[in-house]
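Welcome, and thanks for taking a look at this model with us. Please scroll through the sequence and turn the structure around before reading on.

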Amino acid sequence: MNCISTPEGTRDLLFSATRALRKTERAVRETLEKRGYEEIITPVMEYYDVFLHANPTQSQEVMVKATDRNGRICVMRPDNTTPIARVAASRFPDEAFPAHIYYCQKVIRAVADDHGHRGEVLQVGAELMGTDGLDADLDILSAAFDALASVGAGFRVELGHAGIYKGLISSLGVSEETAEEIRTLIENKSFAALGDVLEPYRDREAYRALKAMPQLFGGVEVLEEAERLTENPEARAAFAYLKALLGALTKAGHGDAVMIDLGLVHELDYYTGVMFRGYAGGAGAAILRGGRYNALCGKFGRDLAAAGFAIDLEALTEAAPAAGYAEGSGRIRIALTKGRLEKKTLALLKNSGYDISELESPSRKLIFSLPGSDIEVVLAKAADVITYVEHGVCDMGVVGKDTIMEKGGSFYEMVDLGFGKCRFAVATKKGRDVYGGYKMPVIATKYPAVAKAFFEKKNIDVVTIKIEGSVELAPLLELADAIVDIVETGSTLRENGLEVVEEVAPISARVIVNLASAKLKKQQIQRVIGELERGLEE
């Protein structure tokens with residue numbers, strides 16, 4: 001037992017780091033108080049039922065649970081808005097509304113080992129309850145802009161609207177499972193995969209708009225383009241509202257910091273209207289999240305229109321030194337995968353017009369500058385490419401879909417490069433029935449997350465065993481009934497008396513992009529992607 005370390009996702013802050021955090025906290029608090037927001041504090045532990053009732057789709061896996069002495073399940077609060085909605089709906093008198101509320105308290109979430117994510121996050125947030133409409137959304141957004149500006153951080157805030165996707169997907173007439181798959185692909189800007197899923201619905205009116213959604217981010221021109229793509233009344237009403245809100249924000253002096261992203265389709269069961277996220281130079285992910293959630297308070301017995309936001313104070317503190325960071329500044333750093341994809345990726349860079357002579361010559365360097373360009377290249381192992389992009393130290397990466405499926409992470413998957421093609425497959429000894437009998441199948445694999453997800457989707461319970469070397473040995477030695485592995489030609493399987501019994505997923509090289517870089521370096525990122533796509537055509 002190690003008694004001197006902290007739990008996964010937590011850390012100690014000492015001296016200068018603490019002073020910097022408190023300075024940021026004071027600046028944001030003072031800003032919100034000047035705008036008339038008053039502070040409340042809620043318990044760090046709430047009954048689990050509070051969050052289950054408020055959002056039944058919220059993942060239980062992220063909640064840190066305990067029981068009280070009566071055996072009731074409690075959780076460390078995974079978000080701040082739900083407890084504040086509980087308080088406002090159950091304890092505020094009618095004359096308290098509209099209520100301007102703010103908080104400064106931590107959320108606690110379980111995080112995966114070794115990803116470097118924080119599970120204990122100090123947030124400052126604001127909630128405006130009991131009022132709706134353009135003026136109310138302008139109020140809460142202006143509070144968010146002022147809060148970010150109070151610490152001198154250079155930032156961008158993107159706006160979306162829940163009504164756009166809800167209107168389009170309802171008219172498409174697909175199952176809930178397919179609707180969620182489409183939503184996820186739009187959220188992740190997975191252009192190629194989204195096109196494949198939508199192809200059977202090409203004759204539907206919503207097809208063009210849904211397919212375009214991941215690419216529709218920028219200025220007011222995005223809304224004008226979207227209006228040309230659909231006649232859906234709910235979507236068009238949302239376009240008109242965003243246009244009016246953008247105009248109001250511009251008039252209020254915030255126009256330079258605002259952009260539209262119609263691919264913002266996060267937590268649609270929660271948000272009912274405008275949604276927004278904020279990004280700052282130096283932070284790899286969103287430092288601000290918010291939107292309108294008019295249905296939440298009603299779940300606690302009182303219908304109240306409401307909108308709010310939460311700021312990650314530690315991320316904002318770390319981003320503040322990057323003040324003045326603007327779109328188009330700095331270099332683009334790309335992480336490339338060593339090994340199987342390396343030669344083809346370098347050939348693509350060469351076809352795209354880049355000078356890769358330094359990369360082709362023997363060298364022990366780790367970071368390379370491509371002459372005559374603003375591109376830096378990092379060569380890394382596949383899993384590390386995802387880590388570097390997710391944390392924002394690299395803007396872009398080229399990595400196989402196999403690594404993306406196994407490791408996961410928060411980034412945009414923007415281009416299928418089409419090379420490095422192979423597939424995940426289930427294989428076993430010739431003639432063996434993997435699923436026969438009453439014994440739970442044992443699956444050997446280098447990719448346990450992929451294997452578990454595949455069999456869970458089939459509602460089949462399996463035992464997975466992680467293998468680091470030649471996974472084909474496991475069924476030959478009777479350690480496993482089958483394997484899940486990458487198959488290219490299938491020759492290794494055949495030579496060892498194995499055969500593919502089921503395909504899991506196709507694999508190829510993908511371009512992934514950091515969430516913040518996609519917004520703060522939009523023009524440069526799009527230019528590089530365009531050059532790579534032209535290189536594919538050579």
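A residue counts as buried under 20% relative accessible area, as exposed over 50%, and as partly exposed in between. Keep that scale in mind for what follows, and remember that this is a predicted model.

**A nonpolar patch on the surface**

Let us start on the outside. Leu-473 has a relative accessible area of 46%, so it is classed as partly exposed. Helix H17, which covers residues 473-476, is where Leu-473 sits. On the surface, Leu-473 joins Leu-476, Leu-477 and Leu-479 in a nonpolar patch. Together, these four leucines offer about 370 Å² of accessible area.

**Nonpolar cores**

In soluble globular proteins, nonpolar side chains tend to be buried together. Here, the largest nonpolar core holds 73 residues, and the members that touch the most others are Leu-159, Leu-210, Leu-262 and Phe-309. Helix H4 (residues 134-149) supplies the largest share of this core, with eight residues. There is also a second, separate core of 35 residues, whose members include Leu-379, Phe-419, Ala-509 and Ile-525.

**Strands and their partners**

Strands of a sheet pair through backbone hydrogen bonds, either parallel or antiparallel. Both senses turn up in the pairs below.

| Strand pair | Sense | Bridges |
|---|---|---|
| S2 and S4 (residues 73-76) | antiparallel | three bridges |
| S1 (residues 38-39) and S5 | parallel | two bridges |
| S5 and S6 (residues 120-129) | antiparallel | ten bridges |

Which strands make up the open sheet of three, and in what order? The order is S2-S4-S3, and the pairing is antiparallel. Strands S2 (45-47) and S3 (65-67) stand at the edges with a single partner strand each, so one side of each has no neighbour in the sheet. On average, neighbouring strands of this sheet are turned by 40° against each other, direction ignored. Between S2 and S4, Tyr-47 has Cys-74 in S4 as its bridge partner.

Now to strand S5, which spans residues 99-108: is it mostly covered or mostly open? Strand S5 is mostly covered, with eight of its ten residues buried. Its partners are S1, which runs parallel to it, and S6, which pairs with it in the antiparallel sense. As for single bridges, Glu-39 is matched with Tyr-102 in S5, while Ile-108 finds its bridge partner, Glu-120, in S6.

Technical notes: Residues numbered from 1 in each chain as written. Predicted model: local features only at pLDDT ≥ 70, side-chain atom pairs only at ≥ 80, totals over all residues. Heavy atoms only, no water. Patch = residues over 30% accessible without salt bridge, like charges linked within 9 Å, V, L, I, M, F, W, Y side chains within 5 Å. Areas by Shrake-Rupley, 256 points an atom, 1.4 Å probe, with all protein chains shown as cover. Salt bridge = Lys/Arg side-chain N within 4 Å of Asp/Glu carboxyl O. Helix = DSSP H or I, 4+ residues; strand = E, 2+ residues; numbered from the N terminus. Buried < 20%, exposed > 50% of the residue type's maximum accessible area, 1.4 Å probe, protein only. Pairing = 2+ DSSP bridges. Axes fitted to C-alpha atoms, helices over the stretch in contact; angles between N-to-C directions. Core = buried A, V, L, I, M, F, W, Y, C linked by side-chain atoms within 4.5 Å.
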